[in-house]
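This report covers helix geometry, helix packing and one histidine environment. Please look at the model first.

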Amino acid sequence: MTAFARRARASAGRMHPELSLVSYTLLGHLEESGGCRATDLAAHYALDKSTVSRQVAALERTGLIERRLDPEDHRVQVLHLTEAGRDILAQVTESRRAAFRERLADWPEEDLERFAAYLERYNGWPGTGR
């Protein structure tokens, strides 16, 4: 698992010097959710607010995310991907997929199916069935 995480961090870093595994994960969440508050990111990933704040500041500095006022509550700022953020996220995602395809190319089908099932099980949330 450590080697897996190191490869993921290295992959993100090769695409953009300030794109850590955490920031890549946050970008992915913003893409999936269509935007959210920094406090929502902290709660979702069980991260300290200061950790998320530092990551958000770095992503803003690099132009990968932006803050917008919530249309329903102008006191709230919602984080959204910028076009550059969407582009870099797509590049990193494709790079990671290509690396997975390459590493798994010679695996037999039954090993791939078993591996996929184990990953689903590992990534599932206890008690939720997913």
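The sections below go from basis to helices to a single residue.

## Basis

This is a predicted model: local features need pLDDT of at least 70, side-chain atom pairs count only at pLDDT 80 or more, and totals for chains, interfaces and linings use all residues. Residues are numbered from 1 along each chain as its sequence is written, and side-chain values use heavy atoms, without hydrogens and water.

## Helix H2

Helices are DSSP runs (H or I, at least four residues), numbered from the N terminus. H2 covers residues 21-33. Its 13 residues should span 18 Å at 1.5 Å a residue (1.5 Å times one less than the number of residues). The end C-alpha atoms are 18 Å apart, which agrees.

The buried residues of H2 (under 20% relative accessible area, 1.4 Å probe, protein chains only) include Ser 23, Tyr 24, Leu 26 and Leu 27. Gly 28, His 29 and Leu 30 complete the list. Just after H2, Gly 34 has a positive phi of about 80°.

## H3 against H4

The axes of H3 (residues 38-45) and H4 (residues 49-61) come within 9 Å and cross at roughly 125°. That makes H3 oblique to H4 (not under 35 degrees, over 145, or 65 to 115).

In H3, Ala 38, Thr 39, Leu 41 and Ala 42 are in contact (heavy atoms within 4.5 Å) with Lys 49, Val 52 and Val 56 of H4. The residues of this contact comprise five nonpolar, one polar and one charged.

## His 29

His 29 lies in H2. Its relative accessible area is 13%, so His 29 is buried. Beyond neighbours within four places in sequence, His 29 contacts Cys 36, Leu 41, His 44 and Tyr 45.

Key. Helix = DSSP H or I, 4+ residues; strand = E, 2+ residues; numbered from the N terminus. Buried < 20%, exposed > 50% of the residue type's maximum accessible area, 1.4 Å probe, protein only. Axes fitted to C-alpha atoms, helices over the stretch in contact; angles between N-to-C directions. Nonpolar A, V, L, I, M, F, W, Y, C, P; charged D, E, K, R; others polar.
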